[in-house]
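Let's take a walk through this structure together. Keep the 3D view open and turn it as you read.

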Amino acid sequence: GSYTDSFSISAGGGSSTDGTAPSAPTNLSATAMAHDRIDLAWTQSTDNVGVDHYTVFRDGVAVGSTTGTSYSDGSLTPATTYSYVVRAYDLAGNVSGPSNTASATTADGSVLTFPAAADATIRAGAPTSNYGTSTSLSIDSSPNENSMIKLAVTGVGTRTVASAKLRLYNVGASGAGGIFTPTATADWTETGVTWGNAPATVGSAVATLGAVASSTWYEVDLSSLIRGDGVYSLRVTTASTDGVKYRSKQDVGGFAPQLVVTLAP
């Protein structure tokens, strides 16, 4: 014999009897965080069953979704104004009305600021040990300690770099702040680099710091090295036995390394 049956499939697994849309998100705010990023936040929607996700619309075009009540929109164009709305969706696919519209303008991009992409102390006395999670970077010749710093630069494009300054916060006074030399490769990781596997320096030093005081910011001029977008790796050494210690990117007190790139008009 034969048997015939029928069924239906609903996207998202929601109930086909749920016809109630979520409420519209409220209090949407947009804040320009950099030349290429705007952060959004809003108050959550309500629904008779439950909100599944939110979709973010930039200038009328969907650019991303999230289950939370915040979103970071990156890879934007400098000196540009963007407008956003957010809609809520439930499991049945019902969609809310739009939130309020929020707008923000990205920075003009003449000054780009980047955190260190990775940094770590490496020690000759512990050649297989990794210290990438430490909140400080040590440079000394006795015991022999170097520091690795990786910097990732984006957003320069065809523009000209006028200057590039690495800002470091020192917490250990010393007569020598370190010698900064590029490495042969940037192919190392913060939680994997050790004295035994760290890339060697290549070429001449691009910067040298003299005497440094404790609890003070210092700028290292890397303008000769950083000329455009890319990933740059430095090994910081010293001939001094009077070691220096900088805050690392793991510092949460506002003293982590920063690269400030200024572009020509």
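Before anything else, bear in mind that this is a predicted model. A good place to start is the largest pocket, where two strands stand out: β1 (26-34) and β8 (111-115) each give at least two residues to the lining. Going round the wall, you'll meet M33, A34, H35, D36 and R37, then T113 and F114, and finally T154. By character, that lining splits into three nonpolar, three polar and two charged residues. The space inside comes to about 160 Å³.

Now swing over to strand β10 (residues 136-141). Is this strand enclosed or open? Five of its six residues are buried, so β10 is largely enclosed by the rest of the structure. For its partners, look at strand β17 (residues 244-247), which runs antiparallel to β10 and is joined to it by four bridges. You can find your bearings with I139, which sits opposite V244 in β17. β10 also pairs with β11, again in the antiparallel sense, over two bridges. Here D140 is the residue to click on, since it faces E145 in β11. Two residues make the link of the hairpin that takes you from β10 to β11.

Follow that hairpin onward and you're in β11 (residues 144-153), which is antiparallel to strand β16 (residues 230-237) and joined to it by seven bridges. Within this pairing, I149 has L234 of β16 as its bridge partner. β16 is also joined to strand β13 (residues 178-182), by four bridges and once more antiparallel. On that side, P182 is the residue that stands opposite L234. So what does L234 face? I149 is its bridge partner in one pairing, and P182 stands opposite it in the other.

Stay on β11 a moment longer, because K150 deserves a look: at 13% relative accessibility, this lysine counts as buried, the cut-off being under 20%. Which residues does K150 touch, leaving aside neighbours within four places in sequence? There's a run of alanines, A116, A117 and A118, then A186 and W188, and also V231, Y232 and S233. For a sense of scale, K150 and A211 are 61 residues apart in sequence, and their C-alpha atoms are 23 Å apart in space.

Next, the greasy part. The largest nonpolar core has 30 residues, and those touching the most other members are L151, L166, L222, I226 and L259. Strand β12 (residues 161-172) is the top contributor to this core, with four residues. L166 makes a handy guide to its surroundings: beyond four places in sequence, its contacts include I149 and L151, F180, the stretch Y218, E219 and V220, then L222, and lastly P257, Q258 and L259. There is also a second, separate core of 15 residues, with L28, W42, Y82 and A102 among them.

Let's finish at H53, in strand β3 (residues 51-58). Unlike the buried K150, H53 counts as partly exposed, because its relative accessibility is 21%. Its contacts outside the nearby sequence, not counting residues up to four places away, fall into two stretches: S65, T66 and T67, then R87, A88 and Y89. With Y89, H53 has a C-alpha to C-alpha separation of 5.5 Å, although the two are 36 residues apart in sequence.

Definitions and conventions:
Residues numbered from 1 in each chain as written. Predicted model: local features only at pLDDT ≥ 70, side-chain atom pairs only at ≥ 80, totals over all residues. Heavy atoms only, no water. 1 Å grid on protein atoms, 1.4 Å probe; cavity = no way out; pocket = protein on both sides within 12 Å on 5 of 7 lines; lining within 4 Å. Points joined across faces, edges and corners; volume = space filled by probe spheres on them. Nonpolar A, V, L, I, M, F, W, Y, C, P; charged D, E, K, R; others polar. Pairing = 2+ DSSP bridges. Core = buried A, V, L, I, M, F, W, Y, C linked by side-chain atoms within 4.5 Å. Buried < 20%, exposed > 50% of the residue type's maximum accessible area, 1.4 Å probe, protein only. Contact = heavy atoms within 4.5 Å.
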